[in-house]
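Thanks for coming. I have one structure to go through today, and I will keep to what can be computed from its atoms.

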Amino acid sequence: MIIALTAEETIQAEQSIIHTLFENGLDMLHVRKYHFTDLQMSKYVASIDATYHHKLVMHSHPLLSFELGINRIHLSESNRKDGYQQGRARGSIYSTSVHHIDQFNNLDNRWDYAFLSPLFASISKAGYGVNNALLDQLQLRSNFDVRLIGLGGINAANCQLPLQYGADGIALFGALWRYPETIQNFISCKKSYGKTPVYLPRTNNNTTKE
């Protein structure tokens, strides 16, 4: 699975780029526009072909999901701790974010998948992940009820590594929006990602909670 997160700011020809990403095999798009008003978000979603709406995830403005007919909602760590998902609407599919493998291992199966980040030094946030990259933590995974999606600093050169360490997919952000040639960068990642990974041996560490 390859997921993309939109840039927070408006990108030139953004809707055209999004459609082309889907046409080239993007599995899911997190709509991440925190500064949008509800009206702006509604117009943004409407600008994306309805054919792809089942692949959209509300990464912001989750309360608009029902009105917009989108059943995938991403909740932040703070939303999750506040129990936002407890009142989940029937048919909604939830994802979330974690920043340590122990947090991931403690998630229950109400979550479809969770981002674990940063796996590598961030492309979009200077210094983030330089001293706290989490790639090696993937080998300590004990939760297989929730899909694990690697995020943070992933590009065509390293996107095979999360799979080799046992992730179920990757999420792209900086590799798409912080460099020119967004479409070509995605295609390069997809080609590299599509190669059969050689899985690395797991460590003997036991992180099972009593």
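I will start with the overall figures, then take the salt bridges, one helix, and three single residues.

First, the status of the model: it is predicted. Please keep that in mind for every distance I quote.

The protein has eight helices and eight strands. It has 210 residues, and 52% of them are buried. The exposed surface comes to about 10,400 Å², with carbon and sulfur atoms supplying 50% of that area. On contacts, take the pairs with a separation of 6 or more: residues 24 or more positions apart account for 62% of them.

Now the salt bridges. How many does the structure hold? There are seven. I will go through three of those pairs, beginning with E8 and R32. Their side chains meet at 3.2 Å, N to O. E8 sits in the loop between β1, residues 2-5, and α1, residues 14-23, while R32 sits in the loop between β2, residues 28-31, and α2, residues 38-46. The two are 24 residues apart, and the pair links distant parts of the chain. Are the partners buried or exposed? E8 is partly exposed, with a relative accessible area of 31%. R32 has a relative accessible area of 13%, and because the cut-off for buried is under 20%, R32 counts as buried.

The next pair is R72 and D112, whose side chains form a salt bridge at 3.1 Å, N to O. R72 belongs to strand β4, residues 72-75, and D112 to strand β6, residues 111-116, so this bridge ties together parts that are 40 residues apart in sequence. R72 is buried, at 14% relative accessibility.

D112 has a further partner. Which residue is it? It is R147, and the closest N and O atoms of that salt bridge are 2.7 Å apart. Here D112 in strand β6 is linked with R147 in strand β7, 35 residues away, so to speak of distant parts of the chain is again fair. R147 is partly exposed, with a relative accessible area of 31%. Taken together, R72, D112 and R147 are linked in a network of salt bridges. As a general point, side chains of opposite charge can pair when their charged atoms come close.

On to a helix, α8, which covers residues 182-193. Does its length come out as expected, or what span do its end C-alpha atoms give? The helix has twelve residues, and at 1.5 Å a residue they should span 16 Å; the end C-alpha atoms are 16 Å apart, which agrees. The buried residues in α8 are T182, F186, C189, S192 and Y193. Seen down the helix axis, these buried residues fall within an arc of 130°, so they line one face of α8. The general background is that an α-helix has 3.6 residues a turn, so residues three or four places apart point the same way. What covers the buried residues of α8? The cover includes β1, α1, α6, β8 (169-172) and α7 (174-177).

Three single residues remain.

L116 lies in strand β6. Its relative accessibility is 0%, so L116 counts as buried. Leaving out residues up to four places away in sequence, L116 touches V98, H99, H100, I101, L134, L138, L148, I149, G150 and L151. For L116 and L151, the C-alpha atoms are 6.0 Å apart, with the two positions 35 residues apart in sequence terms.

Q137 is in the loop between β6 and β7. With a relative accessible area of 15%, Q137 is buried. Beyond its neighbours within four places in sequence, Q137 is in contact with H100 and I101. The side chains of Q137 and H100 are joined by a polar contact of 3.4 Å. Q137 and D102 are 35 residues apart in sequence, and their C-alpha atoms are 9.0 Å apart in space.

Last is N158, in the loop between β7 (147-151) and α6 (160-164). N158 is buried, at 12% relative accessibility. A polar atom of the N158 side chain lies 2.8 Å from the backbone nitrogen of N155. Not counting residues up to four places away in sequence, N158 touches F120 and G153.

That is what I have, and I can take questions now.

Terms used:
Residues are numbered from 1 along each chain as its sequence is written. This is a predicted model: local features need pLDDT of at least 70, side-chain atom pairs count only at pLDDT 80 or more; totals for chains, interfaces and linings use all residues. Side-chain values use heavy atoms; hydrogens and water are left out. Helices (H or I, at least four residues) and strands (E, at least two) are DSSP runs, numbered from the N terminus. Buried means under 20% relative accessible area, exposed over 50%, partly exposed in between (1.4 Å probe, protein chains only). Contact means heavy atoms within 4.5 Å. Accessible areas come from the Shrake-Rupley method with a 1.4 Å probe; for residues, only the protein chains shown count as cover. A polar contact is a pair of N or O atoms within 3.5 Å; within protein, one must be able to donate a hydrogen and the other to accept it, and residues adjacent in sequence count only if both atoms are side-chain atoms. A salt bridge is a side-chain nitrogen of Lys or Arg within 4 Å of a carboxyl oxygen of Asp or Glu. The expected span of a helix is 1.5 Å times one less than its number of residues. The arc is that of the directions from the helix axis to the C-beta atoms.
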